[in-house]
Amino acid sequence: MQQETRTLTGNEAVALATKQLRPHVVAAYPITPQTGIIETFSEYVSNGEVDTELVLAESEHSAMSICVGAAAAGSRVATATSSQGLALMAEIVYIAAGMRLPMVMAVTNRALSGPLNIHCDHSDSMMVRDSGWIQIFCRDAQEAYDSILIATRLSEKQSVRLPAMVCYDGFFVSHNLTPVQILTDESVFSFVGPFKAGVDLLDTLHPATMGALALQNYYLEFKRAQAEAMRQALDWAPQIQEEFRLVSGRSYGMFQQYRLEDAQLVLIALGSVSRTAEVVVDRLRSAGWKVGILAPRFYRPFPRAELSSALVGKRAIAVLDRADSCGAFTGPLGLEVKSALFDHGVTVPVWNMIYGLGGRNITEQDIEGIFFQLLKIVQTGTAPPEDADYFGVREGPAEAGGSQKWVEVSTLRN
Amino acid sequence: MQTELGSGVDFYVNKAIGSAMESPGVEAIGAELVEVRWHGRGGQGAVTGAKILARAATKEGLWIQAFSEFGPERRGAPVLAFNRIGANEIRTYAPVEEPDVVVVIDPALLERAVLRGLKAEGWLVVNTPFSPRQVARNVSFSGTVATLDAAAVSREASLPPLANIPMLGALAAATGLIQRSALEEAVFETFRASLGEETARKNVRAVNLAWSQVRIGHYLDPGSTEEENECALPSWQELEPGGTLYQPGSARDYLTGMWRSSYPLFKREECNDCLRCWVFCPDTSIMTNEGKVTGIDLQYCKGCGVCAAVCPRDALKMVPEN
């Protein structure tokens with residue numbers, strides 16, 4: 001298990017993993033905070049370290065279109081984007097999944113406009129959560145590196161053949177320099193294996209038509225087949241992650257858990273905040289609190305059954321959402337967790353919080369406060385609010401009869 | 001109304017509804033809800049026909065729906081339009097699967113497939129110079145058949161050869177679904193707003209002519225209709241991932257010649273085999289043999305007219321379909 005420790009940003013780790021996949025084609029367009037991936041990857045290409053056709057497209061819509069074309073022509077394909085870039089791609093994102101083309105895309109999570117914002121939240125990935133792409137959310141640079149490799153294997157599995165997104169927090173992970181364990185080029189390539197094309201449009205001896213029209217009499221069947229592919233991904237992911245453990249020594253589940261087993265108060269969150277929460281859990285544990293963390297890695301396919309059984313017997317749960325589902329009055333992760341628990345008959349108070357939108361920081365003290373609130377819910381037996389709370393949002397004074405401590409003097413003069 | 005006299009013992013005309021008795025609307029056909037499917041081609045006015053029928057029904061205080069279904073939209077491509085007409089509020093937005101009435105605006109579309117779902121005791125209203133009995137026999141239908149030579153009606157009303165308005169008249173007359181006065185009013189209002197009063201009057205005349213010229217008939221003993229043999233489509237498990245087709249040339253199975261409203265007439269003696277038509281034809285419908293044009297493949301020719309437009313001689317000329 002030969003490995004090397006390097007200090008890399010999340011973006012550099014992803015660029016390195018992408019190089020080790022030896023993709024035939026990478027097509028991309030720069031956008032903050034993803035740019036570092038393609039910058040680093042371009043260096044690899046110009047230094048001759050990887051034999052990839054790198055296409056710097058004129059937009060993300062074109063970049064994803066090129067990826068679709070290249071994958072249909074029998075290539076291993078990778079790309080990366082963020083926020084507005086993913087929004088511009090969205091049309092072709094659905095087509096890549098509908099045409100069942102394997103590829104891997106790093107999504108460096110950034111808030112969607114407007115208002116214009118370049119910082120981290122998960123609204124971009126959530127926008128395309130129903131597109132038929134596998135979505136893996138990573139907590140740190142190591143996971144981002146590892147997940148590029150795992151996602152590629154899963155995406156290219158013949159019974160799956162769905163494109164995969166590897167999502168990680170913009171700036172918090174993408175621009176943060178940390179030690180990352182790197183596998184050798186050889187062990188990566190023996191793990192992912194050479195690309196085996198499902199379809200190869202350049203194979204003129206076996207001509208094929210892709211992307212043909214499917215109207216009322218066919219479309220439904222294709223979508224049903226796509227749902228089945230997602231179920232196959234759910235079945236195959238554990239085995240592929242186990243194979244990865246044998247190569248790397250790093251073990252991944254459908255979700256990551258931290259001191260969860262005997263925990264009574266549980267925090268559920270995607271991304272880097274669940275690492276921060278580990279510090280808080282350790283502190284509270286040493287004070288005798290039974291607290292733990294569940295960090296879903298796979299948001300699509302969502303491990304409903306496994307997640308529900310891991311939460312049986314818990315006393316109170318806080319679900320942190322770094323995206324809103326406007327009008328659902330619950331964040332996208334909150335919706336998944338509540339529906340999974342309901343379907344599996346697990347009754348436990350769930351407090352959903354929208355936090356950290358547009359890169360708003362969440363501190364260890366904040367997370368500690370959330371656990372205190374969970375404890376209060378258990379002690380008082382009060383149900384958490386049905387609608388999501390907006391964590392850390394500035395509240396104005398109440399409209400009337402509020403306890404205002406500030407009076408405009410000018411209004412008194414009039 | 002003409003009658004089909006001396007046509008044999010098994011087919012009678014002049015069903016006792018329709019124009020003969022200035023129908024009282026939906027109740028005349030003894031149903032709470034009447035569903036109509038129109039078969040036409042893009043540009044022939046099936047959708048407009050459905051809309052005018054809806055407006056006329058509204059004038060009679062009936063509840064209506066008019067909607068359409070398109071494939072890849074294109075002038076000349078087969079289109080479907082639908083009506084629902086009822087005495088009470090219609091709440092379903094489901095597709096019309098078992099219509100009471102089928103209207104075929106384009107005679108070239110008349111084949112057994114237009115009967116799909118049509119109730120055995122329903123109405124088939126066809127634009128054709130043929131008799132109702134010939135149509136009933138041709139598609140082996142056991143309900144009531146109405147036919148109208150819409151082109152003749154349009155000519156007589158000094159209108160361009162559009163079949164939708166005459167067929168609207170035929171439909172209303174045959175089924176008794178709508179009173180003539182309400183239909184005339186709806187037609188007049190629609191055309192006055194878009195094309196002026198003179199055209200509106202001509203269209204009202206077309207309705208009148210259709211009313212008097214429509215031929216209606218049905219078997220005395222309703223015979224059984226043969227079951228349509230729908231070819232089975234694959235299940236979702238049987239589909240190739242992403243819809244990849246490995247069979248080359250599957251477009252060959254899709255006969256687009258049905259879309260045509262005019263066709264290129266080829267004069268071999270005028271042709272110098274420059275092959276411009278062969279280059280420009282979007283459907284490879286120009287047949288050649290050793291560099292010589294041998295004819296037009298009418299199974300696929302959609303009648304776009306590009307070949308005639310690029311022909312430097314008079315070897316290709318577009319002629320209306322008959």
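**View 1. B:S154 sits in helix 3 (residues 150-156) of chain B.** This is a close-up from a predicted model. Is B:S154 buried or exposed? B:S154 counts as buried because its relative accessible area is 1%, and the cut-off for buried is under 20%. Leaving aside residues up to four places away in sequence, B:S154 touches B:L159, B:P160, B:P161, B:L162 and B:P166.

**View 2. Chain B has eight helices and twelve strands.** Stepping back from the serine, 46% of the 322 residues of chain B count as buried. How far apart in sequence are the contacting residues of chain B? Take the contacts between residues at least 6 apart in sequence: 67% of these join residues at least 24 apart.

**View 3. Chain A meets chain B.** Here 21 residues of chain A are in contact with 16 residues of chain B. The two chains bury about 1600 Å² between them, and carbon and sulfur atoms give 67% of that area. How many salt bridges does the rule find across this interface? Between chain A and chain B the number is zero.

**View 4. The domain assignment splits chain A into domain 1 (3-248) and domain 2 (255-390).** The contact between them draws on 30 residues from domain 1 of chain A and 26 residues from domain 2 of chain A. Their C-alpha centres lie 28 Å apart. About 2300 Å² is buried between domain 1 and domain 2 of chain A, with 57% of it on carbon and sulfur atoms. The salt-bridge count between these two domains of chain A is four.

**View 5. A:R139 pairs with A:E278 in a salt bridge.** Zoom in on the two side chains: the closest N and O atoms of A:R139 and A:E278 are 3.2 Å apart.

**View 6. The largest nonpolar core has 104 residues.** Which residues have the most contacts inside this core? They are A:M64, A:M103, A:I134 and A:Y145. Helix 6 (residues 141-156) of chain A gives the largest share of the core, eight residues. Why does the core lie between domain 1 (3-248) and domain 2 (255-390) of chain A? Both domains give residues to it, so the core lies between them. As a general point, nonpolar side chains tend to be buried together in soluble globular proteins.

**View 7. A:I134 has plenty to look at around it, including A:L154, A:V160 and A:L162.** Not counting residues up to four places away in sequence, A:I134 also touches A:P163, A:A164, A:M165, A:M230, A:A233, A:F298, A:R300 and A:P301. A second, separate core has 49 residues, among them B:L62, B:V187, B:A200 and B:L209.

**View 8. Helix 2 of chain A runs over residues 35-46.** With its twelve residues, helix 2 of chain A reaches 17 Å from its first C-alpha to its last, close to the 16 Å expected at 1.5 Å a residue. Which residues of helix 2 of chain A are buried? A:G36, A:I37, A:I38, A:T40, A:F41 and A:Y44 are. The buried residues of this helix pack against helix 1 (10-20), strand 2 (25-28), strand 3 (53-56), strand 4 (77-81), strand 5 (104-109) and strand 7 (164-169) of chain A. After helix 2 of chain A comes A:G48, with a positive phi near 75°.

Notes: Residues are numbered from 1 along each chain as its sequence is written. Chains are lettered from A and ligands numbered from 1 in the order in which they are written. This is a predicted model: local features need pLDDT of at least 70, side-chain atom pairs count only at pLDDT 80 or more; totals for chains, interfaces and linings use all residues. Side-chain values use heavy atoms; hydrogens and water are left out. Helices (H or I, at least four residues) and strands (E, at least two) are DSSP runs, numbered from the N terminus. The expected span of a helix is 1.5 Å times one less than its number of residues. Buried means under 20% relative accessible area, exposed over 50%, partly exposed in between (1.4 Å probe, protein chains only). Contact means heavy atoms within 4.5 Å. A nonpolar core is a set of buried Ala, Val, Leu, Ile, Met, Phe, Trp, Tyr and Cys residues joined through side-chain atoms within 4.5 Å. Domain bounds come from an automatic or database domain assignment. Buried area is the accessible area (1.4 Å probe) that two parts lose on being put together, summed over both.
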